[in-house]
Amino acid sequence: MSFSSLPLGDKLQRVIAQKGYQQPTAIQAEAIPAILAGQDIMASAQTGTGKTAAFTLPLLQRLLDKAVDTSLPNKQPSALILAPTRELAVQVNANVGQYAANSDISSVVIYGGVSIDAQATKLKAGCDIVVATPGRLLDHLRRGSLNLSSIDYLVFDEADRMLDMGFMDEISAILKQLPAKRQTLLFSATFSSAIYDLSKKLLHKPARIEVDKANSAAESVEQIVYAVDSDRKTELLCHLINKHDWHQVLIFSRKKQTADSIAQKMLAAGIETKAFHGDLGQGAREQVLNDFKLGKIKALVATDVAARGLDIVELKYVVNYEIPFVAEDYIHRIGRTGRAGSVGKAVTLYSEDDALLLEEVETVLDKRLAPQWLAGFEPDLTKMEPVSRKNSKSAQRQRAKKRALGGGKRRR
């Protein structure tokens, strides 16, 4: 199948040709016709598979087909796209602008951390599409700078992440201000019981689109787990970066303080590194990301706020300094590499305390991630906890440790 065979008009086909797109990805090939047919959809696809285009292109076509007079002042938006983070919202809005280049369709992006008055001014001028994070959208609704009564199309991008971040109350409040009759599109990298519950409230006879195994990681990403004592993780990380001359390494920690600490230690070791997390102001975050994309810094240490919405061309290395508490976040993290079919490497630094978390990740992936030793960084077996009960948590950790150390391969 080629893009030219999809029922998209000349204006969008010209943009597609200009961007060099030839064949749609699996999610695009299935989602675009279903959306154009007016169906609600519940779609799952790995990150980096082109799902933004999968909903943006048909959404634009539907707006073009409505033949709305785009010159009208103060026009109310017809489409709302919700995203969990400001980075993803900005990225989606940029894509909307690119795809709508040959039309008069306009969009406004709204998110926290910047002036709400400036956003309100843009909304007052009128637009066709609003791209928003839930919290800031609710702020505009409460102050009356946005009306959702004309929304015909609602898109949830990274719906699972929105729930993980605790946005259910905001989503419920937003839904009360939306027309009951609308087309709703729900996209999620992973499916959980909470997503299924949400879909029952949102969707009407949806088309279920699942182009990859649910909760799976891209096959183009090589996953490696190194067993190492927790107090030597930074040392091992610096060794890997220096020995293999890695550039643009995205490193994940669970806490902001840990991210700052890792970045400071890596700087002291001579590796240009910066931290990226929610305590940074919007301007600082944008500057750090820009420096990372341009290669001005070699490593970026991020909390899971960066697991979604980052679009870094040909990012090859992701490191889990700490395994996430939510196993599905592991998939989101490593999905930053191996995008659009390119190869990537995901390295996880595993210590004794990570045993249960690793098992949860393996359960979600339905795949064994056997920890390995790296010469010179072998874990200290004397630090293992004594077993008091066969089924205690410490016993589980110890068995997982023995399994890892006994079955691991030494890599030089």
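Is Lys274 buried, partly exposed or exposed, and what is its relative accessible area? In this predicted model, Lys274 has a relative accessible area of 29% and is partly exposed, since that value falls between the 20% under which a residue counts as buried and the 50% over which it counts as exposed. The lysine belongs to a salt bridge, and the paragraphs below move from the whole chain to that pair and its counterparts.

The protein has 412 residues, of which 55% count as buried, and its secondary structure comes to 15 helices and 15 strands. If one takes the contacts between residues at least 6 apart in sequence, 75% of them join residues that are at least 24 apart. The surface that the protein exposes comes to about 17900 Å², with carbon and sulfur atoms supplying 48% of that area.

Salt bridges offer a way to follow how parts of the chain are joined. The count of salt bridges comes to 16, and one of them is formed by the side chains of Glu222 and Lys345, with an N to O distance of 2.9 Å. This pair links distant parts of the chain, for Glu222 sits in strand β8 (residues 221-227) and Lys345 in strand β13 (residues 344-350), 123 residues apart. Glu222 has a relative accessibility of 36% and therefore counts as partly exposed.

A second salt bridge joins the side chains of Lys256 and Asp279, at 3.0 Å from N to O. Because Lys256 lies in helix α11 (residues 256-268) whereas Asp279 lies in the loop between β10 (273-276) and α12 (282-293), the pair ties together parts that are 23 residues apart in sequence. With a relative accessibility of 34%, Lys256 counts as partly exposed, while Asp279, at 56%, counts as exposed.

The salt bridge that involves Lys274 has Asp291 as the partner, and the N to O distance between the two side chains is 3.3 Å. Asp291 is placed in helix α12 and Lys274 in strand β10, so this pair ties together parts that are 17 residues apart in sequence. The two ends of the bridge can be set side by side: Asp291, at 8% relative accessibility, counts as buried, whereas Lys274, at 29%, is partly exposed. Elsewhere, Lys51, Asp157 and Glu158 are linked in a network of salt bridges.

Helix packing gives another view of the fold. The axes of helix α5 (residues 116-125) and helix α6 (residues 134-143) come within 11 Å and cross at roughly 70°; because angles from 65 to 115 degrees count as roughly perpendicular, α5 and α6 are described as roughly perpendicular to each other. Their crossing is right-handed. On the α5 side the contact is made by Ile116, Asp117, Gln119, Ala120 and Leu123, and on the α6 side by Arg136, Asp139, His140 and Arg143.

A last stop is Ala173, which is placed in helix α8 (residues 168-175). Ala173 has a relative accessible area of 24% and is therefore partly exposed. The C-alpha atom of Ala173 is separated by 7.7 Å from that of Leu138, although the two residues are 35 residues apart along the chain.

Terms used: Residues numbered from 1 in each chain as written. Predicted model: local features only at pLDDT ≥ 70, side-chain atom pairs only at ≥ 80, totals over all residues. Heavy atoms only, no water. Helix = DSSP H or I, 4+ residues; strand = E, 2+ residues; numbered from the N terminus. Buried < 20%, exposed > 50% of the residue type's maximum accessible area, 1.4 Å probe, protein only. Contact = heavy atoms within 4.5 Å. Areas by Shrake-Rupley, 256 points an atom, 1.4 Å probe, with all protein chains shown as cover. Salt bridge = Lys/Arg side-chain N within 4 Å of Asp/Glu carboxyl O. Axes fitted to C-alpha atoms, helices over the stretch in contact; angles between N-to-C directions. Parallel < 35°, antiparallel > 145°, perpendicular 65-115°, else oblique. Left-handed = near helix turned anticlockwise from the far one by under 90°.
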